[in-house]
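Here are some friendly notes to read alongside the structure. Keep the picture open and find each residue as you go.

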Amino acid sequence: MKKIIMFALAALSVSQAAFAIDMQCAGTEPFWGVSVSGTTLTYSSPEMENAAKLKIKSTRQAAGMAGNVAAVIKTKYSTLTIVAGADCSDGMSEDTYTHHAVYDVNGTVLYGCCNLK
């Protein structure tokens with residue numbers, strides 16, 4: 001049993017390390033934006049004078065999912081959850097998006113859409 005657990009943990013570590021995301025997300029009412037690139041998540045909103053650059057602490061791909069289907073990206077102050085779904089709309093334009101986003105920043109939960117860069 002111990003060998004099975006160790007193998008599962010090793011496989012999980014490899015899949016997490018190999019899962020890299022470059023993504024641009026945005027939401028409306030309230031307006032906000034998140035850019036994910038490498039080990040940095042950048043959060044901005046019209047109310048902020050400067051965008052907040054946050055170090056990504058962990059990125060986890062949904063178990064059993066291939067590619068950029070679903071993931072949770074965590075920083076010290078926030079969690080970004082992304083799920084593939086071509087029917088995501090920002091409600092203000094005719095732009096199309098490949099992913100839905102839920103961004104929890106300091107207890108405020110925001111919904112939006114994302115595209116891979």
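1. Let's begin with the sulfur bridges. This is a predicted model, and a search through the whole of the structure turns up two disulfides. Counting the bonded cysteines of the protein chain in sequence order, they pair as 1-4, 2-3.

2. One disulfide connects cysteine 25 with cysteine 114, with an S to S distance of 2.0 Å. The torsion about this S-S bond is about 105°, so the disulfide is right-handed. Cysteine 25 sits in strand β1 and cysteine 114 in strand β8, so you can follow a link between distant parts of the chain, 89 residues apart. Both cysteine 25 and cysteine 114 are buried.

3. The other bridge runs from cysteine 88 to cysteine 113, S to S 1.9 Å. Which hand does it have? Its torsion is about -85°, so this disulfide is left-handed. Here the distant parts being linked are strand β6, which holds cysteine 88, and strand β8, which holds cysteine 113; they are 25 residues apart. Cysteine 88 has a relative accessible area of 3% and is therefore buried. Cysteine 113 is buried as well, at 1%.

4. Now turn to the aromatic rings. How many aromatic pairs does the structure hold? There are two. Tryptophan 32 and tyrosine 103 make a stacked pair, with 5.8 Å from centre to centre and 15° between the planes. Tryptophan 32 belongs to strand β2 (residues 32-37) and tyrosine 103 to strand β7 (residues 97-105), 71 residues apart, and the pair links these distant parts of the chain. Both tryptophan 32 and tyrosine 103 are buried.

5. Tyrosine 103 also pairs with tyrosine 43: the ring centres are 5.3 Å apart and the planes meet at 35°, so this pair is tilted. Because tyrosine 43 lies in strand β3 and tyrosine 103 in strand β7, the pair ties together parts 60 residues apart in sequence. Tyrosine 43 has a relative accessible area of 13% and counts as buried, and tyrosine 103 is buried at 0%. Through these ring pairs, Trp32, Tyr43 and Tyr103 form a cluster.

6. Next, the nonpolar interior. In soluble globular proteins, nonpolar side chains tend to be buried together. The largest nonpolar core here has 19 residues, and Val34, Val36, Leu41, Leu80 and Tyr103 have the most contacts inside it. Strands β1 (23-27), β2, β3, β4, β5, β6 (78-88), β7 and β8 (108-116) each give two or more residues to this core. Take valine 36 as an example: leaving aside residues up to four places away in sequence, it touches Ile21, Asp22, Met23, Leu41, Ile56, Ile73, Leu80 and Lys117.

7. Threonine 75 is worth a look too. It is in strand β5 (residues 70-75) and is buried, with a relative accessible area of 7%. Its side chain makes a polar contact of 2.8 Å with the side chain of serine 78. A polar atom of the threonine 75 side chain also lies 3.2 Å from the backbone nitrogen of tyrosine 77.

8. Finally, compare two more residues. Is serine 45 buried or exposed? Its relative accessible area is 12%, so serine 45 is buried; this residue is in the loop between β3 (40-44) and β4 (52-61). Alanine 84, in strand β6, counts as partly exposed at 36%.

Technical notes: Residues are numbered from 1 along each chain as its sequence is written. This is a predicted model: local features need pLDDT of at least 70, side-chain atom pairs count only at pLDDT 80 or more; totals for chains, interfaces and linings use all residues. Side-chain values use heavy atoms; hydrogens and water are left out. Helices (H or I, at least four residues) and strands (E, at least two) are DSSP runs, numbered from the N terminus. Buried means under 20% relative accessible area, exposed over 50%, partly exposed in between (1.4 Å probe, protein chains only). A polar contact is a pair of N or O atoms within 3.5 Å; within protein, one must be able to donate a hydrogen and the other to accept it, and residues adjacent in sequence count only if both atoms are side-chain atoms. Rings of Phe, Tyr and Trp (its six-membered ring) pair if their centres lie within 6.5 Å; planes under 30 degrees apart count as stacked, over 60 as edge-to-face and the rest as tilted. A nonpolar core is a set of buried Ala, Val, Leu, Ile, Met, Phe, Trp, Tyr and Cys residues joined through side-chain atoms within 4.5 Å. Contact means heavy atoms within 4.5 Å. A disulfide is a pair of cysteine sulfur atoms within 2.5 Å.
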